[in-house]
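Biologist: I have not looked at this one before. Can you put it up and walk me through it?
Modeller: Here it is.

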Number of protein chains: 2
Amino acid sequence: MIGLPTDTIFYKIEKAIKSYRKFAQKQIQNAVPGITLDQALVLMIIKNKPDLTQMDIGQLFFKDYASITRMIDSMIKKDYITKTTDQNDRRRSNICVTDMGNEVLKMVLPIIERNRALILEGLSDREIEDAGATLTKMVTNCEEKVVELAS
Amino acid sequence: MIGLPTDTIFYKIEKAIKSYRKFAQKQIQNAVPGITLDQALVLMIIKNKPDLTQMDIGQLFFKDYASITRMIDSMIKKDYITKTTDQNDRRRSNICVTDMGNEVLKMVLPIIERNRALILEGLSDREIEDAGATLTKMVTNCEEKVVELAS
DNA sequence: ATTTATTATTTGATATATCAAATATATAAA
DNA sequence: TTTATATATTTGATATATCAAATAATAAAT
């Protein structure tokens, strides 16, 4: 019999990301009620890379395009961002952080920074880097193996 | 300005688990159409630890109890498992893998085994263990910091 | 210049997740 | 023994995710 799911590295990965998300979500909602962690992170990205399309954002966050559409909608409803159709390519939308969105960012950024520090407390740069490299290898394997198995 | 979400270890963790899930989900559905990765993993756990309550299963998989109730329901509808109220403690349910569930397991286990091997190809036991230890430290931090911030 | 193909986004149907409140049973306390 | 408290599960409301198909605009091919 093969090992139980709970004994694998995949389980540990899942546990780590869910713990972090639950933690971060809680702290962020504390600062800005009703906001989700993903909305805060997307807001950061839009602010820093205003030229990204919805597709780009979807890929960055590993989300379905439909999902992004609805997330963007909900962020517009909350007045965090605006959306206008790009005049050079009318299929695209230009997404822009509003004043309200900037206010939210101002409140949320220090929380995010603190969250990161708290969760990584006691971990050396080296071990974080190593863990990242290992995870990246797994991602690479996924990409390669999908292709191999398909052919 | 603090680092972009995409530059953090958290992002790499998320990317790794999502890649793995997408990969595994695809392979498993190939063998048993309509099944989800989580259903397959829960089936494995129930088979190996028949005494777990729904709450136990929920905690193991980091899922809301409501979520587990509905997942169990859906697995019953698919004839993978049965549920009977425990006669010693009538609040609890005893969950049992059906013949159909065992058939599914038989088809799915080799796939899961292969998935793991493929995704971990080229990674040493040592580095997997180290990465796991790092992730576990993060989980511990989450647990500790939640308590500290609450008090 | 039309047709065809590609790209970006949206919509609908359905599944899954999450929160709060409700139910049902068991245990502890008065 | 009744009342209160805790535990296990369920339900309803709502949010989010996912797949397939639809729409709309651009780019490529004939």
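Biologist: What do the side chains of A:Lys18 and A:Glu14 meet in?
Modeller: A salt bridge, with 3.3 Å from N to O. The term stands for a side-chain nitrogen of Lys or Arg within 4 Å of a carboxyl oxygen of Asp or Glu. Before going on: this is a predicted model, where local features need pLDDT of at least 70 and side-chain atom pairs count only at pLDDT 80 or more, while totals for chains, interfaces and linings use all residues. Residues are numbered from 1 along each chain as its sequence is written, chains are lettered from A and ligands numbered from 1 in the order in which they are written, and side-chain values use heavy atoms, with hydrogens and water left out.

Biologist: Where do A:Lys18 and A:Glu14 lie?
Modeller: Both are in helix 1 of chain A, residues 9–31. A:Lys18 and A:Glu14 are 4 residues apart, about one turn of the helix. Helices (H or I, at least four residues) and strands (E, at least two) are DSSP runs, numbered from the N terminus.

Biologist: And how many salt bridges does the structure hold over all chains?
Modeller: 22.

Biologist: OK, chain A as a whole. How many helices and strands?
Modeller: Chain A has 6 helices and 2 strands. Along the sequence the pattern runs α-α-α-α-β-β-α-α. The C-alpha atoms of chain A fill a box of roughly 55 × 45 × 30 Å along the principal axes.

Biologist: Which domains is chain A divided into?
Modeller: Domain 1 covers 5–119 and domain 2 covers 123–151; such bounds come from an automatic or database domain assignment. The centres of the two domains of chain A, taken over C-alpha atoms, are 23 Å apart.

Biologist: Now the DNA. Which residues come nearest to strand D?
Modeller: A:Arg70, B:Gln54, B:Met55, B:Arg70 and B:Lys83, out of 20 residues around DNA strand D. A residue counts as near if one of its heavy atoms lies within 4 Å of the strand.

Biologist: What share of the strand D atoms within 4 Å of the protein belongs to sugar or phosphate?
Modeller: 66%, and the rest belong to bases. Some side chains make polar contacts (pairs of N or O atoms within 3.5 Å; within protein, one must be able to donate a hydrogen and the other to accept it, and residues adjacent in sequence count only if both atoms are side-chain atoms). For B:Lys83, a side-chain N or O atom is 2.4 Å from a phosphate oxygen of DNA strand D. A polar side-chain atom of B:Thr69 lies 3.1 Å from a phosphate oxygen of strand D, and for the side chain of B:Arg92 the distance is 3.3 Å.

Biologist: Which helix gives the most to the surface near strand D?
Modeller: Helix 4 of chain B, with 4 residues. By class, the surface near DNA strand D divides into 4 nonpolar, 6 polar and 10 charged residues. Here Ala, Val, Leu, Ile, Met, Phe, Trp, Tyr, Cys and Pro count as nonpolar, Asp, Glu, Lys and Arg as charged, and the others, Gly among them, as polar.

Biologist: What about strand C, which residues come nearest there?
Modeller: Of 21 residues around DNA strand C, the nearest are A:Met55, A:Arg70, A:Lys83, B:Arg70 and B:Arg91. Sugar and phosphate make up 64% of the strand C atoms that come within 4 Å of the protein.

Biologist: Which backbone atoms lie by a phosphate oxygen of strand C?
Modeller: A backbone N or O atom of B:Arg90 lies 3.0 Å from one, and a backbone N or O atom of A:Ser93 lies 3.3 Å from one. From the side chain of A:Arg92, an N or O atom is 3.3 Å from a phosphate oxygen of DNA strand C.

Biologist: And which helix gives the most to the surface near strand C?
Modeller: Helix 4 of chain A, with 4 residues. The classes near DNA strand C are 4 nonpolar, 7 polar and 10 charged.
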